[in-house]
Amino acid sequence: MKHNRFGQARVLEQEELDILIDLLPAGAHRTVGHLLRRTSVRISEALSLRWEFISEDALLFDARITKTKKSRAIPLHPILKMELKLWKKQQLNPNPSDFVFKGRNPNSHLTRQAFDLVLREACSKMMLKGVSTHSFRRSCLTHLNNQKIPLRTIQSISGHSSLAVLEKYLEVNERDRVDAIALL
(Lines give C-alpha, C1' and ligand atoms only; values in the text may rest on other atoms or scores of the structure.)
Protein backbone atom coordinates (compact mmCIF):
# COMPACT_ATOMS: atom_id res chain seq x y z
CA MET A 1 0.00 0.00 0.00
CA LYS A 2 1.12 3.53 -0.70
CA HIS A 3 2.34 5.63 2.23
CA ASN A 4 3.94 9.08 1.94
CA ARG A 5 4.38 8.59 -1.81
CA PHE A 6 6.14 5.22 -1.38
CA GLY A 7 4.75 1.83 -2.36
CA GLN A 8 1.94 0.95 -4.72
CA ALA A 9 -1.33 2.81 -4.89
CA ARG A 10 -4.25 1.05 -3.28
CA VAL A 11 -6.62 -0.92 -5.50
CA LEU A 12 -10.24 0.05 -4.91
CA GLU A 13 -13.42 -1.92 -5.45
CA GLN A 14 -15.77 -0.68 -8.17
CA GLU A 15 -18.25 0.59 -5.58
CA GLU A 16 -15.51 2.52 -3.76
CA LEU A 17 -14.48 4.18 -7.02
CA ASP A 18 -18.05 5.25 -7.70
CA ILE A 19 -18.44 6.76 -4.23
CA LEU A 20 -15.06 8.47 -4.49
CA ILE A 21 -15.97 10.04 -7.85
CA ASP A 22 -19.27 11.29 -6.42
CA LEU A 23 -17.32 13.03 -3.63
CA LEU A 24 -15.14 14.94 -6.12
CA PRO A 25 -16.28 18.49 -6.89
CA ALA A 26 -18.73 18.61 -9.80
CA GLY A 27 -17.27 19.76 -13.08
CA ALA A 28 -13.72 19.18 -14.22
CA HIS A 29 -12.56 17.13 -11.21
CA ARG A 30 -15.49 14.72 -11.28
CA THR A 31 -15.19 14.33 -15.06
CA VAL A 32 -11.48 13.56 -14.68
CA GLY A 33 -12.44 10.93 -12.10
CA HIS A 34 -14.84 9.32 -14.58
CA LEU A 35 -12.17 9.40 -17.27
CA LEU A 36 -9.60 7.71 -15.03
CA ARG A 37 -12.17 5.16 -13.80
CA ARG A 38 -13.29 4.12 -17.30
CA THR A 39 -10.00 4.17 -19.23
CA SER A 40 -7.09 3.25 -16.91
CA VAL A 41 -5.03 6.13 -18.33
CA ARG A 42 -2.36 7.92 -16.37
CA ILE A 43 -3.36 11.23 -14.78
CA SER A 44 -0.93 13.11 -17.05
CA GLU A 45 -2.58 11.57 -20.13
CA ALA A 46 -6.08 12.44 -18.89
CA LEU A 47 -5.18 16.05 -18.16
CA SER A 48 -3.39 16.51 -21.49
CA LEU A 49 -6.38 15.30 -23.52
CA ARG A 50 -7.75 17.72 -26.13
CA TRP A 51 -11.27 17.80 -27.56
CA GLU A 52 -10.02 16.93 -31.05
CA PHE A 53 -9.01 13.48 -29.80
CA ILE A 54 -12.49 12.51 -28.64
CA SER A 55 -14.74 10.83 -31.20
CA GLU A 56 -18.20 9.30 -30.89
CA ASP A 57 -16.77 5.90 -30.01
CA ALA A 58 -13.17 6.31 -28.81
CA LEU A 59 -10.57 8.43 -27.09
CA LEU A 60 -7.23 8.80 -28.81
CA PHE A 61 -4.23 9.34 -26.61
CA ASP A 62 -1.69 10.84 -28.96
CA ALA A 63 1.93 9.67 -28.78
CA ARG A 64 2.97 13.16 -27.65
CA ILE A 65 1.13 12.76 -24.33
CA THR A 66 1.75 9.08 -23.50
CA LYS A 67 4.60 7.78 -21.38
CA THR A 68 5.55 5.18 -23.99
CA LYS A 69 5.35 7.73 -26.84
CA LYS A 70 2.94 5.43 -28.68
CA SER A 71 -0.59 6.47 -29.58
CA ARG A 72 -3.48 4.34 -28.43
CA ALA A 73 -7.22 4.47 -28.87
CA ILE A 74 -9.52 3.41 -26.07
CA PRO A 75 -13.18 2.61 -26.73
CA LEU A 76 -15.50 5.14 -25.12
CA HIS A 77 -17.52 3.71 -22.23
CA PRO A 78 -21.21 4.82 -22.32
CA ILE A 79 -21.04 6.46 -18.89
CA LEU A 80 -17.87 8.32 -19.80
CA LYS A 81 -19.40 9.36 -23.12
CA MET A 82 -22.34 10.92 -21.29
CA GLU A 83 -20.10 12.67 -18.74
CA LEU A 84 -17.89 14.13 -21.49
CA LYS A 85 -20.93 15.39 -23.41
CA LEU A 86 -22.22 17.13 -20.28
CA TRP A 87 -18.80 18.60 -19.59
CA LYS A 88 -18.46 19.83 -23.18
CA LYS A 89 -21.84 21.60 -22.95
CA GLN A 90 -20.56 23.49 -19.92
CA GLN A 91 -17.52 24.60 -21.92
CA LEU A 92 -19.63 26.62 -24.41
CA ASN A 93 -18.35 25.29 -27.74
CA PRO A 94 -14.67 24.73 -27.04
CA ASN A 95 -12.19 24.72 -29.91
CA PRO A 96 -11.00 21.26 -30.98
CA SER A 97 -7.46 22.15 -29.92
CA ASP A 98 -8.56 23.18 -26.40
CA PHE A 99 -7.65 21.03 -23.43
CA VAL A 100 -10.63 19.09 -22.15
CA PHE A 101 -9.69 20.12 -18.61
CA LYS A 102 -8.47 23.72 -18.75
CA GLY A 103 -6.31 25.14 -16.01
CA ARG A 104 -6.39 28.63 -14.58
CA ASN A 105 -4.43 29.85 -17.58
CA PRO A 106 -6.53 29.26 -20.74
CA ASN A 107 -3.46 27.88 -22.55
CA SER A 108 -2.77 25.22 -19.92
CA HIS A 109 -4.58 22.22 -18.50
CA LEU A 110 -5.66 21.39 -14.97
CA THR A 111 -2.60 20.33 -12.97
CA ARG A 112 -1.98 16.96 -11.41
CA GLN A 113 -1.46 18.71 -8.09
CA ALA A 114 -4.87 20.41 -8.29
CA PHE A 115 -6.60 17.09 -8.97
CA ASP A 116 -4.55 15.33 -6.30
CA LEU A 117 -5.62 17.90 -3.70
CA VAL A 118 -9.35 17.34 -4.25
CA LEU A 119 -8.77 13.57 -4.45
CA ARG A 120 -7.11 13.61 -1.03
CA GLU A 121 -10.04 15.57 0.41
CA ALA A 122 -12.52 13.04 -1.00
CA CYS A 123 -10.43 10.13 0.34
CA SER A 124 -10.37 11.66 3.81
CA LYS A 125 -14.19 11.80 3.78
CA MET A 126 -14.22 8.07 3.02
CA MET A 127 -11.34 7.38 5.42
CA LEU A 128 -9.39 5.74 2.61
CA LYS A 129 -5.65 5.33 3.06
CA GLY A 130 -3.06 4.58 0.38
CA VAL A 131 -5.10 6.08 -2.47
CA SER A 132 -3.52 8.22 -5.18
CA THR A 133 -4.33 9.14 -8.75
CA HIS A 134 -2.66 5.88 -9.74
CA SER A 135 -5.27 3.94 -7.75
CA PHE A 136 -7.71 4.50 -10.61
CA ARG A 137 -5.27 2.89 -13.05
CA ARG A 138 -4.41 -0.08 -10.83
CA SER A 139 -8.06 -0.60 -9.89
CA CYS A 140 -9.25 -0.54 -13.50
CA LEU A 141 -6.57 -2.95 -14.70
CA THR A 142 -7.06 -5.31 -11.74
CA HIS A 143 -10.82 -5.32 -12.33
CA LEU A 144 -10.33 -6.22 -16.00
CA ASN A 145 -7.96 -9.01 -15.00
CA ASN A 146 -10.44 -10.31 -12.41
CA GLN A 147 -13.07 -10.43 -15.16
CA LYS A 148 -10.74 -12.79 -17.07
CA ILE A 149 -10.01 -10.32 -19.87
CA PRO A 150 -6.90 -11.56 -21.73
CA LEU A 151 -3.72 -9.81 -20.62
CA ARG A 152 -2.89 -8.76 -24.20
CA THR A 153 -6.25 -6.98 -24.43
CA ILE A 154 -5.63 -5.24 -21.11
CA GLN A 155 -2.14 -4.28 -22.32
CA SER A 156 -3.60 -2.71 -25.46
CA ILE A 157 -5.85 -0.54 -23.29
CA SER A 158 -3.24 0.37 -20.68
CA GLY A 159 -0.41 1.05 -23.09
CA HIS A 160 2.12 -0.90 -21.06
CA SER A 161 5.24 -1.75 -23.02
CA SER A 162 5.31 -5.36 -21.83
CA LEU A 163 3.21 -7.92 -20.01
CA ALA A 164 5.84 -8.06 -17.27
CA VAL A 165 5.31 -4.38 -16.49
CA LEU A 166 1.53 -4.74 -16.69
CA GLU A 167 1.55 -7.64 -14.23
CA LYS A 168 3.11 -5.41 -11.56
CA TYR A 169 -0.10 -3.36 -11.62
CA LEU A 170 -2.42 -6.30 -11.06
CA GLU A 171 -3.35 -7.09 -7.49
CA VAL A 172 -3.98 -10.67 -6.49
CA ASN A 173 -6.52 -10.89 -3.70
CA GLU A 174 -6.73 -13.54 -1.01
CA ARG A 175 -10.08 -14.88 -2.30
CA ASP A 176 -8.49 -15.71 -5.67
CA ARG A 177 -5.59 -17.45 -3.93
CA VAL A 178 -7.98 -19.56 -1.84
CA ASP A 179 -10.07 -20.41 -4.94
CA ALA A 180 -6.92 -21.40 -6.82
CA ILE A 181 -5.80 -23.79 -4.08
CA ALA A 182 -9.31 -25.27 -3.93
CA LEU A 183 -8.90 -26.35 -7.56
CA LEU A 184 -5.93 -28.59 -6.68
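Which residues are linked with Arg42 in a network of salt bridges? The views below are taken from a predicted model, and the first of them answers this.

**View 1. Salt-bridge network around Arg42.** Arg42, Glu45 and Arg72 are joined in a network of salt bridges. Within this network, Arg42 pairs with Glu45, and their closest N and O atoms are 2.8 Å apart. Arg42 and Glu45 are both buried. A search of the whole structure returns ten salt bridges, and two others are shown in the next view.

**View 2. Salt bridges Arg64–Asp62 and Glu174–Arg177.** Side chains of opposite charge can pair when their charged atoms come close. Arg64 and Asp62 form a salt bridge with an N to O distance of 2.3 Å. The two partners fall into separate accessibility classes: Arg64 counts as exposed, because its relative accessibility is 65%, whereas Asp62 counts as buried, because its relative accessibility is 16%. Glu174 and Arg177 form a salt bridge with an N to O distance of 3.1 Å. Both of these residues belong to helix α9 (residues 174-182), where they are three residues apart, or about one turn of the helix. An α-helix has 3.6 residues a turn, so residues three or four places apart point the same way. Arg177 has a relative accessible area of 49% and is therefore partly exposed.

**View 3. The largest nonpolar core.** In soluble globular proteins, nonpolar side chains tend to be buried together. The largest nonpolar core of this model has 42 residues, and those with the most contacts inside it are Leu20, Val32, Leu36, Leu59, Phe101, Phe115 and Phe136. Helix α5 (residues 112-126) gives the most to this core, contributing five residues. Phe136 is shown with its contacts beyond four places in sequence: Leu17, Leu20, Ile21, Gly33, Leu36, Arg37, Phe115 and Leu119.

**View 4. Buried and exposed sides of helix α1.** Helix α1 spans residues 14-23, and Gln14, Leu17, Leu20 and Ile21 are buried in it. These buried residues lie on the same side of α1, because they cover an arc of only 120° around the axis. Exposed residues Glu15 and Asp22 are carried on the face of α1 turned away from the buried side. The cover over the buried residues of α1 includes α2 (28-39), α5 and α6 (133-146).

**View 5. His34 and the nonpolar patch around Leu86.** His34 is part of helix α2. A relative accessible area of 10% is the reason why His34 is classed as buried. Apart from neighbours within four places in sequence, His34 is in contact with Ile21, Ile79, Leu80 and Glu83. Ile79 is also one of the residues that, with Met82 and Leu86, make a nonpolar surface patch of about 250 Å². Leu86 belongs to helix α4 (residues 78-90). With a relative accessible area of 42%, Leu86 is partly exposed.

**View 6. Helix α7 and its packing.** Ile154, Gln155, Ile157 and Ser158 are the buried residues of helix α7 (residues 151-158). Their directions span an arc of only 160° around the axis, so they lie on the same side of α7. The elements against which the buried residues of α7 pack are α2, β2 (72-75), α6 and α8 (163-169). Gly159, just after α7, has a positive phi of about 80°.

**View 7. Positive phi at Ser40 and Lys69.** Ser40 has a phi near 70°, a positive value in a residue other than glycine. Ser40 sits in the loop between α2 and α3 (43-47). Its relative accessibility is 0%, so Ser40 counts as buried. The C-alpha atom of Ser40 is 10 Å from that of His143, although these residues are 103 residues apart along the chain. His143 belongs to helix α6 and is partly exposed, with a relative accessible area of 29%. Lys69 is also not a glycine and has a positive phi of about 60°. The loop that holds Lys69 lies between β1 (58-61) and β2. Lys69 is classed as exposed because its relative accessible area is 56%.

Technical notes. Residues are numbered from 1 along each chain as its sequence is written. Side-chain values use heavy atoms; hydrogens and water are left out. A nonpolar core is a set of buried Ala, Val, Leu, Ile, Met, Phe, Trp, Tyr and Cys residues joined through side-chain atoms within 4.5 Å. Buried means under 20% relative accessible area, exposed over 50%, partly exposed in between (1.4 Å probe, protein chains only). Helices (H or I, at least four residues) and strands (E, at least two) are DSSP runs, numbered from the N terminus. Contact means heavy atoms within 4.5 Å. Patches are made of residues with over 30% relative accessible area and no salt bridge: like charges are joined within 9 Å, nonpolar side chains (Val, Leu, Ile, Met, Phe, Trp, Tyr) within 5 Å. Accessible areas come from the Shrake-Rupley method with a 1.4 Å probe; for residues, only the protein chains shown count as cover. A salt bridge is a side-chain nitrogen of Lys or Arg within 4 Å of a carboxyl oxygen of Asp or Glu. The arc is that of the directions from the helix axis to the C-beta atoms.
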